[in-house]
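These are my notebook entries on a single protein model. I set down what I looked up, entry by entry.

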Amino acid sequence: TPGRRRWPRDMQPARKLLGLLFLILMGTELTQVLPTNPEESWQVYSSAQDSEGRCICTVVAPQQTMCSRDARTKQLRQLLEKVQNMSQSIEVLDRRTQRDLQYVEKMENQMKGLESKFKQVEESHKQHLARQFKAIKAKMDELRPLIPVLEEYKADAKLVLQFKEEVQNLTSVLNELQEEIGAYDYDELQSRVSNLEERLRACMQKLACGKLTGISDPVTVKTSGSRFGSWMTDPLAPEGDNRVWYMDGYHNNRFVREYKSMVDFMTTDNFTSHRLPHPWSGTGQVVYNGSIYFNKFQSHIIIRFDLKTETILKTRSLDYAGYNNMYHYAWGGHSDIDLMVDENGLWAVYATNQNAGNIVISKLDPVSLQILQTWNTSYPKRSAGEAFIICGTLYVTNGYSGGTKVHYAYQTNASTYEYIDIPFQNKYSHISMLDYNPKDRALYAWNNGHQTLYNVTLFHVIRSDEL
């Protein structure tokens, strides 16, 4: 659960790093697979992935006398190692679930407090309480739909605890199984485990996404550069690659800074400079799987540039897309074409004459840059402050300066939209870049020469019949 934390302006950069520890939010749900006859069959229990992507499960042997050591012993030993890794993941899931359960209980207490205040205000008809009454009533109307969600989440936490108790004997059973493998069909066992792994992957994919319900206060990582710019990390970078990419300005510039890590970015000015073959336009650039994607200045051309070989891998025109300040965000800055990434891949957000200057969303192939699918919305792009996409849903802010909130969401999976009201603290009063990173589950922002991070809260409910 995200926490709110404010940092004094004179805080040393090293202390700012602590704020980054609160940026990860995970949810979990588990499913149990039981045999029809436990005494004559194998019992396989499921779990989820740990932080390194490994799956964990439980296999309980049937009560049969088995012996011999044959060539399949080595295969079973490998299976044992896999299941032991899955057992470790159960502990991680349990800790995360307990943490989320504490958040749910805290929200329940807050809602009970609001209910009590509402009743007090409702009983009083004095004039000076009228304003307070309306505010509390509006807040209650906002929170009431979350009650069934919270109840579902509490049930999920109980399921995790039950699952943890059921897998405690996993390791000892499989150790015995190593010496008694001969009497059982190994192929059938391997098939069951493979099926379990597929279900766990599907479960984790569902848990990775959810509906945006909150944005934390910003953490200021660094103060540098001009009023406009962009900065980012690669969500598909391999383990140990923590480089930060930095692009100052919104036009007539082609130099990208590379910092070795977030710590280096925060505390030093040591960087490597990469020169792009063309200047970029706007602040909608992204780094994805080792390449930087950007809009060529004064054109509707998108370029994929490999940062390792420093060569252009692909260029493609985004047909009919406005450019050169034709359909920019409200703040201007040649922000006609905004490239984004989320859990589903690469996206382009822009506007066209054919859609009357309203926002158009296109899903792109990250290799060929070909448009895979397009959605036309009814939201004017010039009225949007900034936008970002999470789990296939585009979220739009109502402005870029002063009081700001996220108030429009378009769901591409259903081709529907809704108006929402999610507070968003605009600490430095001029946002010129706002992008979501699915690996960090955080929003990266450039706010008036300040590079900031926001944690996001996503709600999801996964039922066993959906797996």
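**Entry 1. A charge over a ring.** I began with Arg 257, whose charged end sits over the ring of Phe 271 at 4.3 Å from the ring centre. I note at the outset that the model is predicted. I then looked up a further case and found Lys 222 over the face of Phe 265, 4.7 Å from the centre of that ring.

**Entry 2. The aromatic cluster.** Both of the rings in the previous entry, Phe 265 and Phe 271, belong to one aromatic cluster. I list its other members as Trp 231, Tyr 246, Tyr 259, Tyr 444 and Trp 446.

**Entry 3. Aromatic pairs.** How many aromatic pairs are there? I record a count of 17. I describe each pair I looked up by the distance of the ring centres and the angle of the planes.

I took Phe 228 and Tyr 250 to begin with; their centres are 5.1 Å apart and their planes stand at 85 degrees. The planes are over 60 degrees apart, so I enter the pair as edge-to-face. Phe 228 is in the loop between β5 (219-223) and β6 (229-232), and Tyr 250 is in the loop between β7 (244-248) and β8 (255-259). The two residues are 22 residues apart, and I note that the pair links distant parts of the chain.

I next looked up Trp 231 and Tyr 444, which form a tilted pair with 4.7 Å between centres and 50 degrees between planes. Why does this pair tie together parts that are 213 residues apart in sequence? Trp 231 lies in strand β6 whereas Tyr 444 lies in strand β23, so the pair spans that separation. Are the two residues buried or exposed? Trp 231 has 0% relative accessibility and counts as buried. Tyr 444, at 3%, also counts as buried, because the cut-off for burial is under 20%.

**Entry 4. The disulfide.** I searched the whole structure and found 1 disulfide. Which cysteines does the disulfide join? It joins Cys 209 to Cys 391, with 2.3 Å from S to S. The torsion about the S-S bond is about -100 degrees, so I enter the disulfide as left-handed.

I then placed the two ends in the chain. Cys 209 is in the loop between α6 (186-207) and β4, and Cys 391 is in the loop between β18 and β19 (393-397). They are 182 residues apart, and the pair links distant parts of the chain. Cys 209 is buried at a relative accessible area of 17%, and Cys 391 is buried at 14%.

**Entry 5. Nonpolar cores.** The largest nonpolar core has 20 residues. Which of them touch the most other members? I list Leu 212, Ile 215, Phe 388, Ile 390, Tyr 395 and Leu 443. Strands that each supply at least two residues of this core include β4 (211-215), β18 (387-390), β20 (404-411) and β21 (416-424). I add β22 (431-437), β23 (442-447) and β24 (450-459) to that list.

I looked more closely at Phe 388, setting aside its neighbours within four places in sequence. Among the residues in contact with Phe 388 are Leu 212, Ile 215, Met 340, Tyr 395, Val 406, Leu 434 and Leu 443. Thr 393 and Asp 435 are also in contact with Phe 388.

A second, separate core has 16 residues, including Val 349, Trp 375, Tyr 379 and Tyr 408.

**Entry 6. Loops and backbone.** I noted two residues that have a positive phi of about 55 degrees although neither is a glycine: Asn 289 and Glu 310. Asn 289 lies in the loop between β10 (286-288) and β11 (291-295). Glu 310 lies in the loop between β12 (301-306) and β13 (311-317), and its relative accessible area of 40% makes it partly exposed.

I also looked up Ala 237, in the loop between β6 and β7. Ala 237 is buried, with a relative accessible area of 12%. Its C-alpha is 9.4 Å from that of Val 287, and the two residues are 50 residues apart in sequence.

**Entry 7. The whole protein.** I closed with the totals. I record 7 helices and 24 strands. Of the 467 residues, 51% are buried. The protein exposes about 22300 Å², of which carbon and sulfur atoms supply 47%. Among contacts with a separation of 6 or more, 60% are between residues 24 or more positions apart.

Definitions and conventions. Residues numbered from 1 in each chain as written. Predicted model: local features only at pLDDT ≥ 70, side-chain atom pairs only at ≥ 80, totals over all residues. Heavy atoms only, no water. Helix = DSSP H or I, 4+ residues; strand = E, 2+ residues; numbered from the N terminus. Buried < 20%, exposed > 50% of the residue type's maximum accessible area, 1.4 Å probe, protein only. Contact = heavy atoms within 4.5 Å. Areas by Shrake-Rupley, 256 points an atom, 1.4 Å probe, with all protein chains shown as cover. Core = buried A, V, L, I, M, F, W, Y, C linked by side-chain atoms within 4.5 Å. Phe/Tyr/Trp six-rings, centres within 6.5 Å; stacked < 30°, edge-to-face > 60°. Lys NZ or Arg CZ within 6 Å of the ring centre and 35° of its normal. Disulfide = S-S within 2.5 Å.
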